[in-house]
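Please explain this structure, taking its second largest pocket as the point of departure and then turning to individual side chains.

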Amino acid sequence: MSSAPTKKVRVQESSSVTFFERKAFKFTWTIKEFSSWTAEIGSCMQQSAVFPSGKEESDNDFLVDKTKHDDVLIITCEIEAKVRLVHENNQSTNNDQPAPPSSIADDFGALVDGQRFGDVTVKVGDKRFRVYKGILASRSPVFAAMFEHTMKEKIKSVVTIVDVEPDVFHELLRYIYTDKVQNLTALAYQLFAAADKYDIGTLKTLCRMSILANISTENATDALKCADLHLDSEMKRHTLGFLRKNSGSLLAMTETAGWKAFELTFPHLAIEVLKAIVKS
């Protein structure tokens, strides 16, 4: 005789916890010119106005001796109190699992690296990239305008870009698809220029942060040129501020051949640097 099949029972689990919610209070009492204060009050008993104890808080002669350096006495009182009783119920089932991490960035990244799918081809130098017009248009108003207008490239489903290097465009695509960038430090200046051209503000900000985080007296003029070319007042302001703080090492820099070339090519920027040195 066969036994009856075992029934699967879904167990509903619950739990509760009771605890006191605590709150910390801190009061600081600062007495300036403490020696004069003690001379004024003499031997009278003194109490804190906020936390009176009903007893003398310390021996005044001892405190005067300890505070003779700056004649300031600071008394700090810290109290932790139970403010209320909390009772919480938690319910879960044995089937509850934490939500898995999102894989959308990795999945879209595969489109960038795989180059198997797309509805338009972008030709950059000697490389071709298969992309989706809708994704590029949603992230860049410049790409949106490019795809909306009737042009020869649209008819052929091929768009040619001539002023961006292939590896830079590859990382531009990666950011458009995934909000991530590889080799940011090495490509920061070139990606900044590409982000400015295609009006991708968040990528510009990311590149600016990388440029300023790695600024030095050796590359500060590069940051100034980039800021001037792309009308980035924030980058210029931070770079000039950095040069002002490091003016001691800049005097030697102005004697180098690199500075002489910078001075000839960007005389207005050289003047701003020299003004920053004078103001320091």
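**A pocket and its surroundings**

The second largest pocket encloses about 150 Å³ of space. This volume belongs to a predicted model, and every value discussed below was computed from that model. The residues that line the second largest pocket are Tyr189, Asp222, Lys225, Cys226, Leu229, His230 and Phe266. Helix H10, which spans residues 220-229, is the greatest contributor to this lining, with 4 residues. Sorted by class, the lining comprises 4 nonpolar, 2 charged and 1 polar residue.

One of the lining residues, Cys226, leads to the matter of disulfides. The structure contains 0 disulfides. Cys226 accordingly takes part in none, and the nearest cysteine sulfur, belonging to Cys207, lies 8.8 Å away. A disulfide would require the two sulfur atoms to be within 2.5 Å. Cys226 counts as buried because its relative accessible area is 9%, which falls under the 20% limit. Another cysteine, Cys77, has a relative accessible area of 24% and is therefore partly exposed.

From the pocket, attention may pass to two threonines, beginning with one in a helix. Thr178 is located in helix H7, which covers residues 166-178. With a relative accessible area of 11%, Thr178 is buried. What does the side chain of Thr178 reach at 2.6 Å? The partner is the backbone oxygen of Arg174. The side chain of Thr178 also reaches the backbone nitrogen of Lys180, at 3.2 Å. Both distances, 2.6 Å to Arg174 and 3.2 Å to Lys180, can be read against the 3.5 Å limit for a polar contact. When residues up to four places away in sequence are left aside, Thr178 touches Ala105, Phe108 and Gly109.

The second threonine belongs to a strand. Thr121 is found in strand S3, made up of residues 120-124. Thr121 has a relative accessible area of 11% and is therefore classed as buried, the limit for that class being under 20%. Its side chain forms a polar contact of 2.9 Å with the side chain of Arg130. Arg130 also appears among the residues that Thr121 touches, not counting those up to four places away in sequence. Arg128 and Phe129 are included in that set of contacts, as are Ser157, Val158 and Val159.

Technical notes:
Residues are numbered from 1 along each chain as its sequence is written. This is a predicted model: local features need pLDDT of at least 70, side-chain atom pairs count only at pLDDT 80 or more; totals for chains, interfaces and linings use all residues. Side-chain values use heavy atoms; hydrogens and water are left out. Buried means under 20% relative accessible area, exposed over 50%, partly exposed in between (1.4 Å probe, protein chains only). A polar contact is a pair of N or O atoms within 3.5 Å; within protein, one must be able to donate a hydrogen and the other to accept it, and residues adjacent in sequence count only if both atoms are side-chain atoms. Contact means heavy atoms within 4.5 Å. On a 1 Å grid over the protein atoms alone, a cavity is a set of points where a 1.4 Å probe fits but cannot get out, and a pocket is an open set with protein on both sides within 12 Å along at least five of seven lines; lining residues have an atom within 4 Å of a point. Grid points are joined across faces, edges and corners, and a volume is the space filled by probe spheres set on the points. Ala, Val, Leu, Ile, Met, Phe, Trp, Tyr, Cys and Pro count as nonpolar, Asp, Glu, Lys and Arg as charged, and the others, Gly among them, as polar.
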